[in-house]
Amino acid sequence: GQCISVCPTGALTEVNNIPLVWDALSQNEKTVVVQVAPAVRVAIGEEFGLEPGDISTGKMVAALRSIGFKHVFDTNFAADLTILEEASEFLHRLKENHNLPILTSCCPAWINFVENNYPQLLNLPSSCKSPQEMFGAIAKNYFGPNVMNVDPKDMYVVSVMPCVAKKYECSRSELGQGEVLDVDVAITTRELAKMIKESGIDLLNLEEECFDSPLGESTGSADIFGATGGVLEAALRTAYEWVTNKELTDVNFTQVRGLEGIKEASIDVDGTIVNVCAVSSLGNARKVMDDVAKGNSKYHIIEIMACPGGCVAGGGQPYHHGDYDVVKKRAKGLYNIDSSKKLRKSHENPSIITLYDTFLGKPYGDSAHKYLHTHYFDKSCVYEKNNSKCSSPKEADAT
Ligand code: SF4
């Protein structure tokens with residue numbers, strides 16, 4: 001169907017996860033929390049007659065409470081957290097001139113692609129878990145035990161994602177602590193719209209509500225994760241200030257915005273030129289990665305998203321039927337949220353600062369590694385059917 005062109009993995013096996021969510025909500029012994037990815041808030045309104053890019057955050061939060069979630073949180077919080085970890089990791093690699101370019105790791109379809117196609121380069125993707133997974137790790141291992149006095153195994157984390165591949169990501173067994181996976185179930189934007197309708201909730205006439213604290217607070221950097229180039233821009237805002245110790249007065253890296261499939265820029269960071277590239281679609285990823293594999297790439301940071309245009313165009317969003325004006329309007333909605341926020345740099349998020357002070361310690365430190373970082377697998381030979389030595393994925397060498 002139409003999903004194939006926008007969602008490179010998982011689309012054909014999309015499972016309906018709505019019954020799992022209703023079931024979890026009916027179990028009194030579970031503390032059920034929900035997180036919502038940035039791209040959802042500028043698209044879900046389309047299922048209720050709003051224009052693409054209209055911002056429905058407040059009404060969506062009210063609807064989620066009305067459905068029965070005890071805590072309504074924001075993946076944006078974890079997007080800010082991702083930036084602190086990824087910017088630290090990048091600066092660490094830059095200093096040692098080692099494992100460059102760093103490749104972003106937020107998109108599970110892209111990660112699956114690199115594990116299958118470039119097993120020799122698995123030292124390059126950032127070891128950061130995606131925001132969906134970082135959120136789950138913090139909800140279960142910090143918020144549950146430290147704030148609510150709830151054991152991680154009694155927490156149930158639901159994600160609302162613009163993406164079908166996120167369903168597969170949360171089932172990856174290494175993304176958790178022992179038996180307890182970080183995220184229990186992911187539903188798509190379309191599935192949430194269906195749940196709202198099934199519940200008889202009149203979304204458009206709800207009073208706007210705010211996310212719960214502390215995992216609901218975010219800066220403008222987090223919102224733009226939903227558009228191609230956004231993760232890169234957010235990382236640059238933080239890395240620039242950390243390297244230079246100067247205030248970045250213009251936070252808009254407009255060179256990496258827009259729907260073009262490969263965008264590049266050279267940023268002067270106190271005399272060091274940092275070459276960056278934002279890529280969307282796996283065809284474009286292959287072009288850029290073939291150069292990396294040959295040693296011909298000049299980039300220090302490459303952001304890769306599998307969906308053309310990024311998550312605003314994800315396979316779990318309301319169908320855009322190939323109309324990229326719709327995608328543009330959704331992205332514009334996210335940049336509008338960013339520019340309307342007082343805080344626009346991830347490292348200024350007060351709840352993130354508190355999280356490090358009280359629980360994680362330093363960015364990229366030991367606790368951060370335990371909860372927020374992961375590793376990848378060489379999956380290239382899973383497809384070599386006659387190779388008996390090669391029937392299960394091999395863990396890639398740790399860097
Ligand atoms: Fe999912 Fe976003 Fe990747 Fe598309 S670009 S597969 S929506 S994470």
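**View 1. Confidence along the chain of this predicted model.** Let's start with how far the prediction can be trusted: the chain has a mean pLDDT of 94, with 92% of its residues at 70 or more. The scores for the model are ipTM 1.00 and pTM 0.94. Take some care at residues 1-6, where pLDDT stays under 50. For that stretch, the model has eight contacts beyond four places in sequence.

**View 2. The residues around the ligand.** Zoom in here to meet the shell, which holds nine nonpolar, two polar and one charged residues. Cysteines in it are Cys 107, Cys 163, Cys 307 and Cys 311. Also surrounding the ligand are Ala 109, Pro 162, Ala 165, Lys 166, Met 305, Ala 306, Gly 310 and Gly 314.

**View 3. The largest nonpolar core.** This core has 111 residues, and those touching the most other members are Val 34, Trp 110, Ile 138, Ala 139, Ala 235 and Val 312. Helix H3 (residues 75-96) supplies the largest share of the core, eight residues. For a closer look, pick Ile 138: leaving aside residues up to four places away in sequence, Ile 138 touches Ala 78, Phe 143, Leu 215, Leu 355 and Tyr 371.

**View 4. An open sheet of four strands.** Follow the order E3-E10-E9-E8, in which the pairing is mixed. Strands E3 (102-103) and E8 (262-269) are at the edges with a single partner strand each, so one side of each has no neighbour in the sheet. E3 and strand E10 (residues 301-305) run parallel and are joined by two bridges. Here you can find Ile 102 opposite Ile 301 in E10.

Definitions and conventions. Residues numbered from 1 in each chain as written. Predicted model: local features only at pLDDT ≥ 70, side-chain atom pairs only at ≥ 80, totals over all residues. Core = buried A, V, L, I, M, F, W, Y, C linked by C-beta atoms within 7 Å. Buried ≥ 20, exposed ≤ 12 C-beta atoms within 10 Å, placed from the backbone. Contact = placed C-beta atoms within 7 Å. Near = placed C-beta within 6 Å. Nonpolar A, V, L, I, M, F, W, Y, C, P; charged D, E, K, R; others polar. pLDDT = per-residue confidence, 0-100. Pairing = 2+ DSSP bridges.
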